[in-house]
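This report describes the pockets and the aromatic ring pairs of one protein model. The sequence and the structure are shown first.

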Amino acid sequence: MYSNTTFGEIVSFQKDKVSLSLSMDVGGVGIYLPNTNFGGGSYVIHKNNRITKNSNTTYGELYAYPVLDGTWQTPWHFDILGQISTVASTTLGDGDGMSISQTAGNKKGINIEDANLGMRFPFSINNKEQSISIIGRKQHFAIDDGFLLGKGTYNSNSGAWWYAPRFAFNGPGTIKYEG
């Protein structure tokens, strides 16, 4: 049995050349795995090295992801961009259905996800709007659809490991061309 829910909401504010938007993404899943691993079960290794077996695994994951974005269109023909967000997540229940559970023990965490500041330089070539953005620090980064390089942090101690709501990478920044 599997149940999954995700929803998001955006609230925007704009005055003169400054715009702010606040969004919230919330997701959750509940999973029941009868006869886990064809009867082999899922094992949980506790901190005191005690091992328990769950033959019928029941677990859930929840996360909340609020994001605040801001843009200032300066009078000097470039924009200042900024973003800050956090991810609060938890895993509840027996832990996942792997042979040795990665998420047992009701893992949870609240972490800064995105925290960056940058500039965007709009220009046009052949009457087509284009821009170059230079953005520094922790941010989402994916090449193409993110299949090969897309997830920022996999951390089984922060909760919602299978749901994987974290995408930001730490680093010096990115330079993006948008044509």
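A residue is called buried when its relative accessible area is under 20%, exposed when this area is over 50%, and partly exposed in between. In this predicted model, tryptophan 72 has a relative accessibility of 36% and therefore counts as partly exposed, whereas tryptophan 76, at 54%, counts as exposed.

The structure holds three aromatic pairs. In one of them, the ring centres of tryptophan 72 and tryptophan 76 lie 5.8 Å apart with the planes at 85°, and because planes over 60 degrees apart count as edge-to-face, the pair is assigned to that class. Ring pairs join Trp72 and Trp76 with Phe78 and Phe121 in a cluster.

Turning to the pockets, the largest has a volume of about 280 Å³. Its lining comprises 14 residues, of which Asp69, Gln83, Asn116, Ile135 and Lys176 are the closest to the centre. Two or more lining residues come from each of strands E5 (57–73), E6 (79–93), E7 (108–125), E8 (128–140) and E10 (173–178), and the largest share, four residues, is given by E8.

The second largest pocket, with about 160 Å³ of space, is lined by Val44, Ile45, His46 and Lys47 together with Ser101, Gln102, Thr103, Ala104, Gly105 and Lys107. The table sets out the two linings by residue class.

| Pocket | Nonpolar | Polar | Charged |
|---|---|---|---|
| Largest pocket | two residues | eight residues | four residues |
| Second largest pocket | three residues | five residues | two residues |

Definitions and conventions: Residues numbered from 1 in each chain as written. Predicted model: local features only at pLDDT ≥ 70, side-chain atom pairs only at ≥ 80, totals over all residues. Heavy atoms only, no water. 1 Å grid on protein atoms, 1.4 Å probe; cavity = no way out; pocket = protein on both sides within 12 Å on 5 of 7 lines; lining within 4 Å. Points joined across faces, edges and corners; volume = space filled by probe spheres on them. Nonpolar A, V, L, I, M, F, W, Y, C, P; charged D, E, K, R; others polar. Phe/Tyr/Trp six-rings, centres within 6.5 Å; stacked < 30°, edge-to-face > 60°. Buried < 20%, exposed > 50% of the residue type's maximum accessible area, 1.4 Å probe, protein only.
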